[in-house]
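Trainee: I would like to practise reading a model feature by feature. Could we go from the overall fold down to single residues?

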Amino acid sequence: MTTPYPHLLAPLDLGFTTLPNRVLMGSMHTGLEDRRATFPRLAAYFAERARGGVGLIVTGGFAPNVEGWLSPFGGRLATPRAALAHRMITGAVHADGGKIALQILHAGRYGYSPFSVAPSRIKAPINPFTPRALSAAGVERQIRAFVRAGALAREAGYDGVEVMGSEGYFVNEFLVTRTNKRTDRWGGSYENRMRLPVEIVSRLREAVGRDFIIVYRISMLDLVPGGSSWPEVVRLAKAIEAAGATILNTGIGWHEARVPTIATSVPRAAFAWVTRKLKGEVGIPLCTTNRINVPEVAERILAEGSADMVSMARPLLADAAFVKKAREGRATEINTCIACNQACLDHVFSRKTASCLVNPRACHETELVFASVARKKRIAVVGAGPAGLACATGLAERGHDVHLFEAAAEIGGQFNLARRIPGKEEFAETLRYFRGRVQATGVTLKLGSRAAAAELIEAKYDEVVLATGVVPRDPRIPGQDHPMVLSYLDVLLGRKPVGRSVAVVGAGGIGFDVAEFLVHGEKPAEGTGPDLALWMKEWGVTDPETSAGGLTEPRPEPPARKVTLLQRKKSRPGAGLAKTTGWIHRASLKMKDVEMLSGVQYERIDDRGLTIRFGEKLEKTRRIEVDNVVLCTGQEPLRDLEAPLREAGVSLHLIGGADVAGELDAKRAIDQGTRLAARL
Ligand code: FAD
Ligand code: NAP
Ligand code: SF4
């Protein structure tokens, strides 16, 4: 095969069926599973991925019964009537040439529901509900529910099922003494503890016949104290194979683990080595997972023999045509998942439908459609940050004549700052993607060109889109003109040197990122991500053969600078950061001994540093002696062009930071730009 990805694109013969390639679309809850009314959207979402060439799709989790609910009234497959509704999904995927397996997910003690059950009555630290401990008959009932869900999935037209056996859910809970204190045949010895998954798989196989895919997601690395030992993992893998599983998929880390496993700061393919350890122990194909987001990395893993398949979930949200583009030699056109979690996991955890920061069409395929235009317009887009780029390329794709003005010498706006933060190197991929899109869609790009109102008026555009972004907010702190005071732009763009001790004023997203930037020493070369060995050492991840569960004492590198991070609010700094990643940012700075102060008032900045007031009534004073003070005090919209353009009667649209700076992030910027492009 003349392709840079021969291993990735090689078919996988499963005996009774053949997958066209080695890409498994990993299970991702989208929120569309929970109501039948949204099944047409779910079908369209999966069908688009099937057209994009993915080898095997795995749905988001469906509970086998009410006790297994992830949350009340969440997706469940327990009746023939429910199975009938799924035919819309399987039919759509098959019509587009794809294969799809349904994930059976029993939430166990992670169920956000009063009906949750578990091997023992032990509350999860991340859930307010305490599960009910199952009786022996109760355990039997759960197994029967798994088997029933598998048989119904077959009836519904699925090509297989995935049994969720990892991430600390029900099945995983039986395996370790941390959550299983039973003394009957389901607890005690490892043989007893692993009986549940083995029974589930063998009875499932009996029920569904030989020609049906059973993927078992095995927790290879629990990342919690008291997790499975490596010999236990190997023993379970062999037993699951013998019980009739077709593929073993990798699970990494319980949800309550205090080690990041999929965030953008986790190095690419950070856990492929774990799957590799299991190679040779079983004969069925092994699928590896976590932070595999580009075809080169997937190919390398397979070529090295670390696994037989790769699972990608979020990368398929970001680009439905990932496999197709790789196959057609268009890998540079892939819209890469930057592992931000902002529109996928963060949405799911706040009970909103998942989507994708870099691809707002994800899960909105039926509603966000780019129709070709009937009348071609001349449109100016001012500003090539995320908002302007999404809008300009969307408009041009639809057939408009688009002129994109950018004052800087390169596209990207603030993403050029974000990509400089250690652990956010992935943000550069979005700019690579848009560079290609600008060319492919025929946008006329004018770099180093600060658009003026007169020029835009004179050119008589049919529409003008202002995507001019933001400017830093002036905090008006006495003494802020002192030479020791820097803006985040000075720091991140390397415009000015920074001393060994620094006070960062403002603990929002940018304050946290600037602190992260400052505590790191020499930056790795441009384009390389974080170093895996160093990352494992910092977070205390180790070989499960030396320590059960793969956890050891974290040994972070000493910070490059002494940093103090301040805010006026009394709340905990970073409390407003994103749901699924905020804790990582907080833990990461804590590791580097960053001092975090809340409820302060800034008195003045002078030669001796920053003086603050604090205490209940701001009655106390403290001088923080530092070499530099960095201002990260929020942003204001930049819309100097708005008034003159409106006055001249120009048809005007504001998007991204130019529209509203508060609560601005790239998710909103790209979404707004994309939706405007679909409309104009
Ligand atoms: P901008 O990105 O500010 O782009 C505006 C563009 O307009 C600029 O390139 C500017 O040069 C250009 N421009 C202005 N005036 C003119 C003119 N007259 N003519 C021509 N061009 C003009 N967001 C997230 O969602 N997640 C993150 O993790 C994240 N991390 C960040 C980290 C840092 C360090 C920073 C600084 C920001 C981060 N953000 C993050 C915020 C995100 O980058 C912004 O929300 C987003 O870039 C806003 O997009 P925008 O297109 O509205 O504006
Ligand atoms: P921000 O999150 O609004 O934070 C601004 C900070 O400045 C706050 O800590 C605020 O806290 C402080 N502040 C505001 N006005 C001030 C004043 N007059 N004097 C002193 N302090 C003041 O904004 P940002 O950090 O500039 O980030 C901009 C946007 O980029 C954010 O909205 C965010 O969504 C996005 N971003 C996201 C990420 C991410 O990881 N998702 C990372 C970076 C940026 P007090 O008012 O309490 O002092
Ligand atoms: Fe990836 Fe972020 Fe999109 Fe989620 S929202 S799929 S993490 S790029």
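Trainee: What radius of gyration would a compact globule of 680 residues have, and what does the chain have?

Mentor: This is a predicted model. For 680 residues a compact globule would come near 26 Å, and the chain has 26 Å, so the two agree. The C-alpha trace spans about 75 × 65 × 45 Å along its principal axes.

Trainee: How many helices and strands does the chain have, and what share of its residues is buried?

Mentor: There are 22 helices and 27 strands. Buried residues account for 60% of the 680.

Trainee: How many disulfides does the count come to?

Mentor: A disulfide covalently joins the sulfur atoms of two cysteines. Here the count is zero. Take Cys-391: the closest cysteine sulfur belongs to Cys-356 and is 18 Å away, too far for a bond because the cut-off is 2.5 Å.

Trainee: Is Cys-391 buried or exposed?

Mentor: Cys-391 counts as buried because its relative accessibility is 0%, under the 20% limit. Cys-632 is also buried, with a relative accessible area of 6%.

Trainee: Where does ligand 3 sit, and which residues are around it?

Mentor: Ligand 3 sits in the largest cavity. Its surroundings include the cysteines Cys-337, Cys-340, Cys-344 and Cys-356. Also around ligand 3 are Arg-314, Leu-317, Ile-338, Ala-339, Asn-341, Ala-343 and Leu-357. By class, the shell holds nine nonpolar residues, one polar and one charged.

Trainee: Is Lys-325 buried or exposed?

Mentor: Lys-325 has 12% relative accessibility, so it counts as buried. Lys-325 lies in helix 11, residues 322-327. From Lys-325 to Asn-359 there are 34 residues in sequence and 16 Å in space, C-alpha to C-alpha.

Trainee: What is the sign of phi in Leu-223, and where is that residue placed?

Mentor: Most residues other than glycine have a negative phi. Leu-223 has a positive phi, near 60 degrees. Leu-223 belongs to the loop between strand 9 (213-221) and helix 7 (230-243). At 2% relative accessibility, Leu-223 counts as buried.

Trainee: And what is phi in Arg-476?

Mentor: Arg-476 is not a glycine, yet its phi is positive, about 55 degrees. Arg-476 is in the loop between strand 17 (470-472) and strand 18 (485-487).

Trainee: Is Arg-476 buried or exposed?

Mentor: Arg-476 is exposed, because its relative accessible area is 68% and the cut-off for exposed is over 50%. Leu-223, by contrast, is buried.

How values were computed
Residues are numbered from 1 along each chain as its sequence is written. Chains are lettered from A and ligands numbered from 1 in the order in which they are written. This is a predicted model: local features need pLDDT of at least 70, side-chain atom pairs count only at pLDDT 80 or more; totals for chains, interfaces and linings use all residues. Side-chain values use heavy atoms; hydrogens and water are left out. A residue is near a molecule or strand if one of its heavy atoms lies within 4 Å of it. On a 1 Å grid over the protein atoms alone, a cavity is a set of points where a 1.4 Å probe fits but cannot get out, and a pocket is an open set with protein on both sides within 12 Å along at least five of seven lines; lining residues have an atom within 4 Å of a point. A molecule sits in a cavity or pocket if more than half of its atoms lie within 2 Å of its grid points. Ala, Val, Leu, Ile, Met, Phe, Trp, Tyr, Cys and Pro count as nonpolar, Asp, Glu, Lys and Arg as charged, and the others, Gly among them, as polar. Buried means under 20% relative accessible area, exposed over 50%, partly exposed in between (1.4 Å probe, protein chains only). Helices (H or I, at least four residues) and strands (E, at least two) are DSSP runs, numbered from the N terminus. The radius of gyration is taken over C-alpha atoms; the globule rule is 2.2 Å times the number of residues to the power 0.38.
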